[in-house]
Structures are given as structure tokens and as C-alpha cells.
Amino acid sequence: SPLEEVEDTSEPTKRDRSHLENTLKLNEEKPADDFSGVLQRLRKIYHSSIKPLEQSYRYNELRQHEITDGEITSKPMVLFLGPWSVGKSSMINYLLGLDDTPYQLYTGAEPTTSEFTVIMHGPKLKTIEGIVMAADSSRSFSPLEKFGQNFLEKLIGIEVPHKLLERVTFVDTPGIIENRKQQERGYPFNDVCQWFIDRADLIFVVFDPTKLDVGLELEMLFRQLKGRESQIRIILNKADSLATQELMRVYGALFWSLAPLINVTEPPRVYVSSFWPHEYHPDTHKDLFLKEEISLLEDLNQVIENRMENKIAFIRQHAIRVRIHALLVDRYLQTYKDKMTFFSDGELVFRDIVEDPDKFFIFKSILAKTNVSKFDLPNREAYKDFFGINPITSFKLLSQQCSYMGGCFLEKIEKAITRELPDLLGSIGLGKKPNVLSCDVTGCGETPKNRYKKP
């Protein structure tokens, strides 16, 4: 009856937020680490030692990954992915304490987020159109223009004056809707997801235990996440809506459905909790859920603390790929020049090389002569496409890429990989505890080591 409805308007009680503020150090007044000097050096190394080779051999056309200044200076990015209505937006509202404020993201049982929403720091609350975000080169989102106007209309930025956002940026994504064709979205959804996945420092894949169906769009997503396992965290959200026994069953089912998608020795960490401000259901494992939540917050804090190390390691990884690409193009060009005679048809000669590079030992010679791991070599097929757009005659040999004043491109990038970037990494690690990105992992010895070669 209407009377009963009126009586039951009591607000659900809210949980205490002190653990959030303590773990994420939101109340500390200490100034954030000032890394502006380190960033300037990183920018300088990138522009003087990596970019010339990248441009000269058009690396961007092979991997579609250009590094802008905005990206070098950007804050760590946390990406929220998962099916619709699993609580991604509610989780962001909860972490930032935006519930019941004008700032909160829309949430609800229906698919509510149809946009890619970037939540970042700003002096006052304001919304920024995607078209404006992409046009601003100081932000790291200008490369998104290539996905077209339809996509930019589905991109939105929200600036919020919040302490946490001074150190990190959140990205909320449209829920994955199974049995829905990509064309219906009107833009290349998977490519856009890939762009964000490639740049995210932490990827939260959120699930709702009451509806665990891994369909095609989700399988596609997990294929895109391959190689990023160390950044992925799986979140079994709304965990207090199930009885313990049921929750155990769902946990097992979740791993069962993810098993074929994630085949690494170290499976991603799974967090089981309810990430929203309301009290947990009375008969559930409140202590466990709270502990899980705190470890997820510690995880997030770790990424923020290590942001500079991660950035340097990311640029170094990029430099290694650019170097391998340059060595390969140089090898293709050298082989082409060796095979050409006065009477040959250049087109046919080169087609022969591109069709079967192994006949000319192109990839093998790179492995033999340089300390490159075979796992880092790009795909041969990619070079067919690459040379389809960029004729081999438009490139110069590496030995010709030297100048009296500027030195040689190859030597400069090798110096950046083996000395300058590791030194930069060392310079910021001095005042801190050694963390995961030590030299054992990034291999910042004197030369880039091939870890896969037998001694």
C-alpha cells in the first residue's frame, strides 16, 4: 500500500570511509613528489634519442603508437572494464566519495554509461566535450582523434577538485554488452579499448557475481589484454549480495571461465568485495570484504607511488621496440640492395623478400647479430602491410643515418636504452625502497640482455 512505501524511505546507512582516506593518504598535507626535473630529462631523452629513429623508420605506422608530450607527463591511468551494470561507475563514485554530490557518475540497473568517461583533476567541477579534449595537445588524449567524430561524441571528460585525482586519472568505459555487434556502436569499440589498455597503469576488470556470462565481446576483450597481465586486477563486486557458499561457487566459476583467456603462470589477483558506500549485508563476511578493499587500495597506491619508474620503464620498452623495428627495416633494405642488379625489376625483387623474409634470413640475422630476444620480434605479416604503404626505397640505411654534429641515430637510441634511461631510473630510486622495477626486472645492465639465450 502507498502508506508502507512512505514509511520505508530510510536511507541505507553509509560505511565509514576512514580506511579509504588513510590508505590513499588523502589527508596528508605533504607536497606530492616533484618529478618535474625527471620528466624534463625523460622528455629530452625521448626527443633527442628515440624520436628521430622512430620518425625516420615510420614506427608509428607499424604499431599505431605515437608518444606525445602529454603522454610523457600524464598521470597514471586506471581503466575500469567489464560487462554492463557490474558497478564500475558506482565504484568510481565510491572511491572519490562522489555519491549524493552533483559530481556523481550516473549509475543504475540498465546500461547507463554509453561513453568513455575520463575523470581527472580540475580546480572546479566541469564537463569537457571529447572533441575539445582531443584538440588539446597538452592532454594525452589527442591521438584519439583518429577514431573519428562518432567516437569523440562518445568521449567525455569530467574535472573534479579531488585530492586523489591530483595523482591519478580514472577512465570509465561503456559496459560490454554481449550479443551486440560492434557496428551498432558506430565506432571501433575494440580499437578504442585497445588504445586505453595500451596506456593504462592499472586495469580493473569488474564482474557481478549474479550474472557471470563470458560471451564473445568479453572474450575479445581478454584477448586484447594478453601481455598486460601484471596490470590486470579482477574484481568480484557486489560480493555481499550472495551467501558464502554461493560466493565460493561463483569464485570458482569465474576462474573457470577466465582460464582459457588468461594462460599465465601467475593468474591476475582477484578482489572480492562490495565497492560502494552502503553498509555490507548483515550476515556476510564484512571483515574479509574490508580487508580485500584495503588491499585493492594499497595496490592502487603502489601504482601512484611508482608512477615515475613505470613511465621510464614504459619509454624504455618503447625505445627497444623502435630499435628492433629500425634494425629490421635496415635489414630488408640491405637485402634489397644486395639482390638488385642493373636489369632487375625492383618491384619483383622486393615482393620476393617481403613474401618470404626467412629465405633471406632477415629475422634470424637480427637475432644473431644483436641482443634481441625472439619474443620481442614483431610479426612478419605486419611488415607486408607496412611496406605496402611505405615503399622500401623511401628509407635510408642505418649506416647513413649519422651526422657530424648529431652523431648516429642507432648509437643514440642504444645509449638511451643501456645508460640514460637506467640512470634516470636510478636517480629517482635513491630516496625510496627498491621496488619491483629494479634492474633484475627491467634488465638495465650495460647492454640490453637477451634473457632467452642459453649461456
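**Exercise 1. Determine whether C408 is buried, partly exposed or exposed, and describe the disulfide that holds this residue.**

Step 1. The relative accessibility of C408 is 19%. Buried means under 20% relative accessible area, exposed over 50%, and partly exposed in between, with a 1.4 Å probe and protein chains only. C408 therefore counts as buried.

Step 2. C408 is joined to C402 by a disulfide with an S to S distance of 2.0 Å; the criterion is a pair of cysteine sulfur atoms within 2.5 Å. By this rule the count comes to one disulfide.

Step 3. The partner C402 has 37% relative accessibility and so counts as partly exposed.

Step 4. The angle about the S-S bond is 110°, and the link of C402 and C408 is right-handed.

The model is predicted: local features need pLDDT of at least 70, side-chain atom pairs count only at pLDDT 80 or more, and totals for chains, interfaces and linings use all residues. Residues are numbered from 1 along each chain as its sequence is written, and side-chain values use heavy atoms, with hydrogens and water left out.

**Exercise 2. Characterise the protein chain by its secondary structure, burial, contacts and surface.**

Step 1. The chain has 18 helices and 10 strands. These are DSSP runs numbered from the N terminus: helices are H or I with at least four residues, strands are E with at least two.

Step 2. Of the 455 residues, 47% are buried.

Step 3. Take the contacts (heavy atoms within 4.5 Å) between residues at least 6 apart in sequence: 79% of them join residues at least 24 apart.

Step 4. The accessible surface is about 23,800 Å², and carbon and sulfur atoms account for 53% of that area. The areas come from the Shrake-Rupley method with a 1.4 Å probe; for residues, only the protein chains shown count as cover.

**Exercise 3. For the salt bridges R199 with E71 and R233 with D299, give the distance, location and burial of the partners.**

Step 1. A salt bridge is a side-chain nitrogen of Lys or Arg within 4 Å of a carboxyl oxygen of Asp or Glu. A search of the whole structure finds 12.

Step 2. R199 and E71 meet at 3.6 Å, N to O. The pair links helix α9 (residues 189-199), which holds R199, to helix α5 (residues 69-73), which holds E71, across 128 residues.

Step 3. R199, at 12% relative accessibility, is buried, and E71 is buried at 6%.

Step 4. In the pair R233 and D299, the closest N and O atoms are 2.5 Å apart. R233 lies in strand β7 and D299 in helix α12 (residues 286-305), 66 residues apart.

Step 5. R233 is buried at 12%; D299 is buried at 14%.

**Exercise 4. Describe the largest nonpolar core and the surroundings of F387.**

Step 1. A nonpolar core is a set of buried Ala, Val, Leu, Ile, Met, Phe, Trp, Tyr and Cys residues joined through side-chain atoms within 4.5 Å. The largest has 51 residues, and Y332, Y383 and F387 have the most contacts inside it.

Step 2. Elements that give two or more residues to this core include α3 (36-56), α13 (307-339) and α17 (409-429). The most comes from α13, with 14 residues.

Step 3. Not counting residues up to four places away in sequence, F387 touches V329, Y332, F350, V354, I392 and F395.

Step 4. Another core, of 45 residues, lies apart from the largest; I203, V205, F222 and A239 are among its members.
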